[in-house]
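Reader: I have a structure open and I'm new to it. Could you walk me through it, one question at a time?

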Amino acid sequence: MLEPFACQPDASRGRRWPEHLSSFRSPYQRDRDRIIHSSAFRRLKHKTQVFVEHEGDYYRTRLTHTIEVAQVARTVAGVLGLNTDLAEAVALAHDLGHTPFGHTGEDAMERLMAPFGGFDHNAQALRIVTRLERHYADFDGLNLTWETLEGIAKHNGPVTGPNADKKHEGPLPYALAEVNAEWDLELSTHASAEAQVAAIADDVAYSHHDLHDGLRSGLFSEADLMELPVTGPAFAEVDRLYPGLDRMRRRHEALRRVFGRMVEDVIAVAQNRLTAAQPKSVDDIRHMGTTIIRFSKPLFQELKVIRSFLFTRMYRAPSVMLERARVTEVIDTLFPLFLRDPSLLPTEWQADIAAAKGDVELARIVADYVSGMTDRFALQEYQRLAG
């Protein structure tokens with residue numbers, strides 16, 4: 001049974017292009033399945049999370065990260081009486097717009113696309129699911145429901161209006177503006193609780209697995225984590241319960257406790273906030289003026305300490321910075337090269353290039369192509385075209 005403030009499948013605002021309802025899947029299950037079967041979802045297998053995809057088989061890729069986010073989202077949504085299928089669909093789609101080489105690639109694309117309307121991976125995910133996936137006879141994109149598109153657009157909060165994050169000041173990214181012009185996603189309100197769950201699941205997943213990957217890489221040690229909040233008590237508890245446990249089991253036992261504490265905290269806070277607010281519908285959630293799904297203030301402050309540690313010791317470690325410089329050169333070389341000579345793009349892209357009206361439209365097509373590359377393909381093309 002879904003709570004009254006959950007997104008009800010039979011009350012969906014529908015799809016941009018009307019379709020017959022499935023006889024055995026809800027609209028949100030259908031969205032989830034279309035996302036899983038999309039080309040962009042498959043490419044996440046070879047896209048960076050933190051470490052470039054070829055650096056090791058055990059590090060998270062963008063795909064394994066996405067699967068972990070979806071698992072957390074389903075769990076939290078189920079406990080809260082929300083629509084688990086919608087939460088999962090938003091979670092599975094949330095990183096479809098990421099470039100090769102993770103946030104390093106996105107930083108490069110933002111800089112290169114600044115003269116042409118900017119670049120934002122959330123907005124690019126919308127562009128992918130509404131335009132760039134071209135498999136269906138009746139429409140471009142995946143023709144997802146309004147609620148899933150809303151979740152992709154603003155799972156991190158309103159994009160316009162008084163409640164928007166200051167980072168959204170200025171013009172909307174062109175990819176978001178185009179989609180919103182065709183179908184109003186109500187960018188000044190919060191998203192559904194299901195989308196908010198997908199957003200917090202993203203925080204839980206990367207906070208957990210970046211600790212795992214950082215330890216495996218040797219950028220920091222278990223001793224370092226014992227000096228931090230949350231992780232320190234987790235290791236201490238494992239040592240008390242399992243003295244002499246071997247290193248890998250000790251690590252796993254401690255970090256799964258960190259994971260559990262984050263999930264339990266989110267659920268407890270959400271239950272308290274929902275009990276206090278008594279929302280009667282999903283629109284009550286959207287117009288609440290604040291997020292309903294969040295960490296408690298004490299845990300949030302402790303996680304800030306951990307993220308600061310990860311930023312210094314992992315995201316900006318000398319070896320990682322060296323790799324960032326190398327892959328930035330790849331994007332900085334490929335984008336202007338394709339912009340100067342778009343005939344280098346594959347045959348299936350040439351019709352769009354021929355129809356482009358001016359430099360801005362051409363740059364956006366090139367950005368679609370480059371941002372859609374996997375790490376390995378970008379490196380191959382760089383080697384082939386630039387030597």
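Reader: Where is N143 placed?

Author: This is a predicted model, so what follows is computed from it. Going along the chain, N143 comes in the stretch that links two helices, the second of which, α7, covers 146-154. So look for N143 in the loop between α6 and α7.

Reader: Is N143 buried or exposed?

Author: A residue counts as buried under 20% relative accessible area and as exposed over 50%. N143 has a relative accessible area of 4%. That is under the cut-off, so N143 is buried.

Reader: What is phi of N143 near?

Author: Most residues other than glycine have a negative phi. N143 isn't a glycine, yet its phi is positive. The value is near 55°.

Reader: Which loop holds F101, and what is its phi near?

Author: F101 sits in the loop between α4 and α5. With 2% relative accessibility, F101 counts as buried. Here too is a positive phi in a residue other than glycine, near 65°.

Reader: Which residues of helix α5 are buried?

Author: Helix α5 takes in residues 102-112. Its buried residues are covered by parts that include α3, α6, α15 and α17. The buried ones are G102, T104, G105, E106, A108, M109 and L112.

Reader: Which side chain makes a polar contact with the side chain of E88?

Author: You'll find E88 in helix α4, residues 84-93. E88 is buried, with a relative accessible area of 13%. Leaving out residues up to four places away in sequence, E88 touches R32, A70 and R74. The polar contact, at 2.7 Å, is with the side chain of R74.

Reader: What about R60: which side chain does a polar contact join to the side chain of R60?

Author: R60 lies in the loop between α2 (39-43) and α3 (62-80). Its relative accessible area is 16%, under the 20% cut-off, so R60 is buried. The polar contact spans 3.0 Å, and the partner is E68.

Reader: Is A354 buried or exposed?

Author: A354 belongs to helix α16, residues 350-355. Its relative accessibility is 68%, and exposed means over 50%. So A354 counts as exposed.

Reader: How many Å apart in space are A354 and D95?

Author: In sequence, A354 and D95 are 259 residues apart. In space, going C-alpha to C-alpha, the distance is 29 Å.

Reader: Stepping back, how many helices and strands does the protein have?

Author: The elements named so far are helices, with α17 (359-371) among them. Over the protein, the count comes to 18 helices and 0 strands.

Reader: Why is the protein called as compact as a globular protein of that length?

Author: For 387 residues, the globule rule gives 21 Å. The protein is as compact as a globular protein of that length because its radius of gyration is close to that, at 21 Å.

Reader: What share of the contacts comes from residues 24 or more positions apart?

Author: Here we take contacts with a separation of 6 or more. Among these, residues 24 or more positions apart account for 73%.

Reader: What percentage of the residues count as buried, and how much of the exposed area do carbon and sulfur atoms supply?

Author: Of the 387 residues, 55% count as buried. The protein exposes about 17500 Å². The carbon and sulfur share of that area is 53%.

Reader: How far apart are the centres of the positive and negative side chains?

Author: There are 46 positive and 55 negative side chains. Each set has its centre, and the two centres lie apart by 2 Å.

Methods: Residues numbered from 1 in each chain as written. Predicted model: local features only at pLDDT ≥ 70, side-chain atom pairs only at ≥ 80, totals over all residues. Heavy atoms only, no water. Helix = DSSP H or I, 4+ residues; strand = E, 2+ residues; numbered from the N terminus. Rg over C-alpha atoms; globule rule 2.2 N^0.38 Å. Buried < 20%, exposed > 50% of the residue type's maximum accessible area, 1.4 Å probe, protein only. Contact = heavy atoms within 4.5 Å. Areas by Shrake-Rupley, 256 points an atom, 1.4 Å probe, with all protein chains shown as cover. Lys, Arg positive; Asp, Glu negative; His and termini not counted. Charge placed at Lys NZ, Arg CZ, Asp CG, Glu CD. Polar contact = N/O pair within 3.5 Å; in protein donor to acceptor, adjacent residues only side chain to side chain.
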